[in-house]
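Biologist: I would like to learn how to read metal sites and contacts in a model. Can we go through it together?

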Amino acid sequence: MKPLMALSLLALSCAFASQALAQPEFDQVEKGRYLATVGDCAACHTADPAKPFAGGIAIKTPFGTLVGANITPDTATGIGNWTYDDFRRAMSEGIGHDGKRLYGAMPFTAYTKVTDEDNRAIWAYLQTLQPINNPVETNQLPFPFSVRTSLMVWNWMNFDKGVYQPDMTKSAEWNRGAYLVQGLGHCGTCHTPKNILGGDKNDLFLQGAEVENWWAPNITANSHEGVGRWTIQEIKDYLRTGVNRYDIASGPMAEEVKHSSHAWSDADLQAVAVYLKSLGKTEGKGPEPLPADNPQMVTGKAIYFDRCSACHTSSGKGEKNIFPQLASSPLINAREPVSLMRVVLAGSRGVDTDSRPTAPAMPSFAATMTDQQIADVLTYIRNSWDNAAPAVSASDVQAMREKLQE
Ligand code: HEC
Ligand code: HEC
Ligand code: HEC
């Protein structure tokens, strides 16, 4: 692979390293740097930007808290004593040094698809990091989840080990997209529904799931809830900038865009979009929209014109790149209205990237609207302008209000 332009810029900052390394090694390290960005290792392994990869922030799982390990080459507190083979086992089998089993919060169930060649590049890059002494207790789960041997059973039930196998009936581009989405990109970590043990429900791959009180929507080609009506270019725009004609990325996806997908090469984003557009290509039909004379629709409409239409416009079309479109929106049609309740209660600021430094904000309505009013206005936007989705109840909103206060 040719070093990409963004990478050559980054490379300037490590001109020193480039002098010290022979060219093929340098290329491998740069490739590894790119792949570590694609895999978004920093999301979980960097808490303090001044100490890259020296240990992450707490990751809340339904079972308790895990923390991303120190993966700098420090011998005492990082992975300085590891061999490449130890590293490959962590990525592909979820087994750490000395046979320690890793929790699925480290997305090895996706990274297992990564090729040996790509793992070697990531390893070469990690070797060039500044070793940082920073002890991290990754496992902060309560008993019995804290017992790592229980992971043998978990793995047996939830983990399909193995490198990505190309589908020869599909194009090289499609296969590249599948490799990235299923593997390093670990999109399913958030977008695939989970079973009771927190394992992926693979038959519902990328069909939408709740994550940290947000809804990671269906991103298959389903035309109602998924990205079926988005063009390849619109998917690329969203992943590159966090914004397109339809939507503005917020919450965990804003982070993902900012730390990872904005830096993916054009060819890789293209491949991802081609792959997503091929998944579950169905005329996604939602339920019948609620009639305009439904009582929640009537009050919801009045609230919408009073509180929301100034920004989102009376037709729900919004303002391109500033106020997201609510009409014909997969996010608004989502099975679960978690993100919608959250955004109206807590407000939200869209992603800011280099190409779009100041993001517009959605105000919080927690203090000025009752649970019933929020339920009504959301029910209205979910059943207007070509949208159709189940009504939202005041008790749903109340439950979210309580969760956000935790
Ligand atoms: C979604 C969060 C997340 C992402 C993304 C992630 N990791 Fe991890 N990683 C973790 C957690 C949590 C642990 C600790 C797991 C445990 O202790 O069982 C871990 C552990 C590890 C370990 C084992 C360290 C040790 O001391 O045992 C390695 C190596 C590792 N990660 C490498 C990577 C690399 C390389 C990437 C990017 C390609 C990456 N991780 C991306 C969460 C993540
Ligand atoms: C850390 C969790 C997380 C990861 C990892 C993640 N996403 Fe997302 N994604 C979300 C959330 C949450 C949203 C909803 C954002 C919002 O409400 O604005 C989202 C939204 C999206 C959307 C917009 C869908 C819509 O209907 O508006 C697309 C497209 C998308 N993600 C693609 C991807 C791809 C491709 C990957 C892997 C490269 C990925 N995501 C990885 C959490 C994640
Ligand atoms: C001052 C302008 C403004 C007002 C008033 C406003 N919004 Fe927003 N809204 C925004 C902005 C900006 C965003 C994008 C924020 C982001 O993506 O993080 C947004 C995002 C949203 C989203 C998430 C959509 C998506 O695609 O990510 C929903 C749902 C929403 N608003 C509903 C409402 C409702 C309902 C009201 C009235 C109760 C309302 N908004 C009032 C500016 C506004």
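Modeller: What follows covers two iron sites, then a loop residue and a helix residue.

This is a predicted model, in which local features need pLDDT of at least 70 and side-chain atom pairs count only at pLDDT 80 or more, while totals for chains, interfaces and linings use all residues. Residues are numbered from 1 along each chain as its sequence is written, chains are lettered from A and ligands numbered from 1 in the order in which they are written, and side-chain values use heavy atoms, with hydrogens and water left out.

Biologist: Which protein donors does the iron atom of ligand 1 have?

Modeller: Donors are N, O and S atoms within 2.8 Å of the metal (3.2 Å for Na, K and Ca); water is not among the atoms, so sites may look incomplete. For the iron atom of ligand 1, the protein donors are His45 through NE2 and Met106 through SD, at 2.0 to 2.2 Å. His45 belongs to helix H4 (residues 41-45) and Met106 to the loop between H5 and helix H6 (108-111), so the pair ties together parts 61 residues apart in sequence. Helices (H or I, at least four residues) and strands (E, at least two) are DSSP runs, numbered from the N terminus.

Biologist: Why is the arrangement around that iron atom octahedral?

Modeller: Six donors count as octahedral if opposite donors are over 155 degrees apart and all others between 65 and 115. Here the six donor atoms subtend angles of 86 to 179 degrees, which makes the arrangement octahedral.

Biologist: Are His45 and Met106 buried or partly exposed?

Modeller: Buried means under 20% relative accessible area, exposed over 50%, and partly exposed in between (1.4 Å probe, protein chains only). His45 is buried at 10%, and Met106 is partly exposed at 22%.

Biologist: What coordinates the iron atom of ligand 3?

Modeller: His312 (NE2) and Met362 (SD) coordinate the iron atom of ligand 3 at 2.1 Å. Its site is octahedral, with angles of 88 to 179 degrees among six donor atoms. The pair links helix H14 (residues 295-312), which holds His312, to strand S7 (residues 361-362), which holds Met362, 50 residues apart. His312 is buried, at 12% relative accessibility.

Biologist: Where does Thr77 lie, and what polar contact does its side chain make?

Modeller: A polar contact is a pair of N or O atoms within 3.5 Å; within protein, one must be able to donate a hydrogen and the other to accept it, and residues adjacent in sequence count only if both atoms are side-chain atoms. Thr77 sits in the loop between strand S2 (64-67) and helix H5 (84-93). Its side chain makes a polar contact with the side chain of Asn70 at 3.2 Å.

Biologist: Where is Lys301 placed?

Modeller: Lys301 is in helix H14 and is partly exposed at 43% relative accessibility. Its C-alpha is 6.0 Å from that of Tyr380, 79 residues apart in sequence.

Terms used: Four donors count as tetrahedral if all angles lie between 85 and 135 degrees; four count as square planar and six as octahedral if opposite donors are over 155 degrees apart and all others between 65 and 115; anything else is irregular.
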